[in-house]
Amino acid sequence: MAVMVSEYAQWPKAELHVHLEGSLEPATLRELDPSLSENEITSRYRYDGFLAFLQSFKWVVERLRRPEDYALAARRLFERLAAENVRYAEVTLSAGVVLWRGQDLDAIFAALEEESRRAPLQVVWIFDAVRQFGAEHARAVAAYAARYRARGVAGFGIGGYEEEGPAELFEDVYAWARAQGLRLTAHAGETAGPESVWAALRIGAERIGHGIASARDPELLAWLRDRDVPLEICLSSNVATGVVASLEQHPLRRLFQAGVPIVLSTDDPAMFHTSLAREYELAERLGFSRQELKRIAENAFRYAFGAPH
Ligand SMILES: [Zn+2]
């Protein structure tokens, strides 16, 4: 059978929302831990809801023990990105989880830095703190991000469970991170409502991870459009975690038609069985023309936080 290579795999692309840990393909996981069976990985990579996904993410993270493990994950991700002509990537490291596990973030980041220097594409990093771990925890993550700014960490953000870590908690941390020259993003409006996106904007988020709940708030849509704040839309992710009932019910088209800047991303490509090119194919199924998708592809370069040096 002939393999169809998507046209989107040829387009020069930028990926702005991809978690290193969620990019671990089953084969790489088994390299890290040969005792894992294929069946176990398959069942861990299926979810009956957002919280089940967070549990699986945690399970994957636990397979990353040594700096070399992180480096291997990064190398495999960079190869996959380059293979579909991704020229620039902002890769999120759950630095908060590294600290929480008591791992050596200095050593892990040194390994990642080395790997990104050799990557076949341009890579910068975003350090992510876990919302439900609170402000002190986030402050520690932001301090590391600031310390590594000249070494390729461009941004800081919060992720995890929105309901248990409202953005207001992180107002001071965001202000501090911004003063250090870090760019700011936040996962919001993924499982929670528009008020969560408003809260992320109030503390200074320049991009919103997901933000799909914005579709329910016309005032918020106008705000995002007028202030030019992009939503990082991850279609497969939203379907797999059940935050939308089906692809057809995803609000992407409505967000776009309201004039909100859109970028397409994979979030956790291995865990959601997707690639960036596939996300463009899914958007096409939602009624986007090639020309509209071209604009969206350009947006990803336009809204990039950029190389920090
Ligand atoms: Zn994410």
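## A walk through the parallel strands and their helices

Start with a pair of residues: select Glu90, and opposite it you'll find Val124 in S3. Keep in mind as you click around that this is a predicted model.

**Zoom out.** Show the whole chain as a cartoon. You should be able to pick out 14 helices and eight strands. The C-alpha trace spans about 55 × 45 × 40 Å along its principal axes. For 309 residues, a compact globule would have a radius of gyration near 19 Å, and the 18 Å found here agrees with that. Buried residues make up 48% of the 309. If you draw the contacts with a separation of 6 or more, 74% of them link residues 24 or more positions apart.

**Select 86-93.** This is strand S2, and six of its eight residues are buried, so the rest of the structure largely encloses it. On one pairing, look for S1 (residues 13-19), which runs parallel to S2 and is joined to it by five bridges. To find your place there, click His19, which stands opposite Thr92 in S2. Next comes the pairing of S2 with S3, also parallel, with six bridges. Tyr88 makes a handy marker here: its bridge partner in S3 is Gln122.

**Select 122-130.** Now you're on strand S3. How many of its nine residues are buried? Eight, so to speak of S3 as mostly covered is fair. S3 also pairs with S4, again in the parallel sense, over six bridges. Click Trp125 and look across to Val153, its bridge partner in S4.

**Stay on S3 and pick Phe127.** Phe127 is among the residues with the most contacts inside the largest nonpolar core, alongside Ala145, Ala200 and Ile262; that core has 96 residues. S3 gives the most to this core, with seven residues. Leaving out residues up to four places away in sequence, Phe127 touches Leu93, Ala95, Val141, Tyr144, Ala145, Val153 and Phe156. That kind of gathering fits a familiar pattern: in soluble globular proteins, nonpolar side chains tend to be buried together.

**Select 135-147.** Three residues from that contact list, Val141, Tyr144 and Ala145, bring you to helix H7. Its 13 residues reach 18 Å from first C-alpha to last, close to the 18 Å expected at 1.5 Å a residue. Colour its buried residues: Ala138, Val141, Ala142, Tyr144 and Ala145. They cover an arc of only 160 degrees around the axis, which puts them on the same side of H7. The spacing makes sense, because an α-helix has 3.6 residues a turn and residues three or four places apart point the same way. What do the buried residues of H7 pack against? Show helix H5 (95-100), helix H6 (105-117), strand S3, strand S4 (153-159) and helix H8 (171-179).

**Finish on 105-117.** This is helix H6. Its end C-alpha atoms are 18 Å apart, in agreement with the 18 Å its 13 residues should span at 1.5 Å a residue. The buried residues to colour are Leu105, Ile108, Phe109, Leu112, Glu115 and Ser116. Look down the axis and they fall within an arc of 120 degrees, so they line one face of the helix. Now turn H6 around: the face away from its buried side carries the exposed residues Asp106, Glu114 and Arg117. For the last view, display what the buried residues of H6 pack against, namely helix H4 (67-83), S2, H5, S3 and H7.

How values were computed: Residues numbered from 1 in each chain as written. Predicted model: local features only at pLDDT ≥ 70, side-chain atom pairs only at ≥ 80, totals over all residues. Helix = DSSP H or I, 4+ residues; strand = E, 2+ residues; numbered from the N terminus. Expected span 1.5 Å × (residues − 1). Buried ≥ 20, exposed ≤ 12 C-beta atoms within 10 Å, placed from the backbone. Arc of directions from axis to C-beta. Contact = placed C-beta atoms within 7 Å. Rg over C-alpha atoms; globule rule 2.2 N^0.38 Å. Pairing = 2+ DSSP bridges. Core = buried A, V, L, I, M, F, W, Y, C linked by C-beta atoms within 7 Å.
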